[in-house]
Amino acid sequence: MTARLIDGTAAAKKIRAGLKEKVAALTASGRRAPCLAVILVGDDPASLVYVRHKEKSCDDVGLTSKTFHLRAATPESEVLALITKLNQDPEIDGILPQLPMPGHIDRVKVVSEINPAKDVDGLSFYNQGRLAWNLPALRPCTPAGVMELLKHEGIDCSGKKAVVIGRSVLVGLPVQLLLTHANATVTCVHSKTKNPEQIAKDADILVAAAGSKHLVTKEWIKPGAIVIDVGIHKNDDGKLTGDVRPDDALSLASLFTPVPGGVGPMTIAMLMVNCVQAYENRG
Ligand code: NAD
């Protein structure tokens with residue numbers, strides 16, 4: 001079987017086009033546009049690229065973006081004080097701390113400081129709690145992007161066996177919850193799982209979010225499976241690649257998300273969706 005590629009760039013473009021119309025309608029009466037505040041601490045090259053993509057995407061959709069670029073040695077207390085200020089600022093709808101932050105900054109404290117109504121990456125205890133309860137909330141962007149891609153492809157998860165590789169709060173755990181709520185039968189494999197490839201090979205839907213380049217090879221993929229690759233890594237030639245060995249997925253899977261051009265663009269599209277949602281929720 002030769003897999004068909006899921007075009008995340010096209011799916012994200014469609015979402016952005018819909019949002020652009022929505023934002024134009026919401027602001028037609030002169031109301032200010034939704035505004036996203038991004039907090040970047042330090043000069044991690046990958047983070048700088050991601051923040052630029054987010055700014056460009058905001059521009060594209062008609063949102064305002066404000067980037068607060070702090071030096072790497074900024075004390076944790078200053079980052080928390082900035083978040084408090086942004087929480088109180090009526091002109092700010094969404095607050096996104098670009099993770100990872102330097103080691104002296106506790107990401108739990110950072111995420112907990114954000115007003116859940118402005119938590120556009122859906123990582124706060126409140127929003128993750130509502131996700132666990134399957135109640136409406138701002139959902140974590142990458143997991144929401146994975147689910148949107150499945151929806152875009154018309155895939156009904158109900159009754160399917162899904163295996164998620166990874167259990168991080170950012171990706172793996174919320175993907176497991178979202179797939180469970182979509183009535184898939186979900187198994188998680190992680191770094192301590194014995195024979196993970198045997199478990200993965202049983203999956204109708206395989207989501208790879210291990211952060212381990214080309215971990216998933218043909219031994220992990222059931223013929224005809226849907227393979228979603230969340231990982232982002234650089235090859236020796238500087239090109240991006242994922243957690244899945246592309247040739248193996250292409251030869252075995254029915255559907256496969258490429259890296260780049262799969263989950264990545266959807267993550268940013270869902271951030272835009274969340275920012276507009278936060279703006280609308282504020283009335
Ligand atoms: P993480 O390091 O926090 O978590 C990785 C998880 O994978 C852990 O739960 C670990 O137990 C598991 N794992 C590690 N090695 C494993 C192995 N050999 N077998 C089975 N499980 C294993 O990473 P994260 O933040 O969840 O991100 C995962 C990947 O997704 C990274 O490559 C990251 O860059 C990428 N990512 C992509 C996007 C996007 O928009 N495409 C967004 C966020 C993260």
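Strands and helices here are DSSP runs, at least two residues (E) for a strand and at least four (H or I) for a helix, and they are numbered from the N terminus. With that in hand, let us walk through this predicted model, starting at a loop. Pro260 sits in the loop between strand S11 (255–256) and helix H10, and the peptide bond that leads into Pro260 from Val259 is cis, with omega near 0 degrees.

Follow the chain onward to H10 itself, and you will arrive at a sheet. Three strands make up this open sheet, in the order S3-S2-S4, with parallel pairing. Strand S3 (64–70) and strand S4 (94–97) are the edges, each pairing on one side only. From one strand to the next, the twist averages 15 degrees. If you would like to look at one pairing in detail, take strand S2 (residues 35–41) and S4, which run parallel and are joined by four bridges. Within that pairing, Ala37 has Ile95 of S4 as its bridge partner.

Now add the helices around these strands. Helix H10 (residues 263–281) packs on the sheet, where it touches S2 and S4, and its direction makes about 125 degrees with that of S2. Helix H3 (residues 76–88) lies across S2, S3 and S4, and runs at about 175 degrees to S2.

Leaving S4 brings us to another proline. Pro100 is in the loop between S4 and helix H4 (107–113), and the peptide bond from Leu99 to Pro100 is cis, again with omega near 0 degrees. Such places are worth a glance because most peptide bonds are trans and most residues other than glycine have a negative phi.

The phi part of that rule has its exceptions here too. Asn134, in the loop between helix H5 (125–132) and helix H6 (141–152), has a positive phi of about 60 degrees although it is not a glycine. Its relative accessible area is 42%, so Asn134 is partly exposed. Asn183 also has a positive phi, of about 70 degrees, and is found in the loop between helix H7 (172–181) and strand S6 (185–189).

Finally, the cysteines. How many disulfides does the structure hold? The count is zero. A disulfide calls for two cysteine sulfur atoms within 2.5 Å. The closest cysteine sulfur to that of Cys35 belongs to Cys275 and is 7.2 Å away, so the two are too far apart for a bond. Cys141 is in no disulfide either, and its nearest cysteine sulfur, that of Cys275, is 9.6 Å away. Cys35 is buried, with a relative accessible area of 3%, and Cys141 counts as buried at 2% relative accessibility.

Note on methods: Residues are numbered from 1 along each chain as its sequence is written. This is a predicted model: local features need pLDDT of at least 70, side-chain atom pairs count only at pLDDT 80 or more; totals for chains, interfaces and linings use all residues. Side-chain values use heavy atoms; hydrogens and water are left out. Buried means under 20% relative accessible area, exposed over 50%, partly exposed in between (1.4 Å probe, protein chains only). Two strands pair if DSSP finds at least two bridges between them. Axes are lines fitted to C-alpha atoms, for helices over the stretch in contact, and angles run from 0 to 180 degrees between N-to-C directions. Contact means heavy atoms within 4.5 Å.
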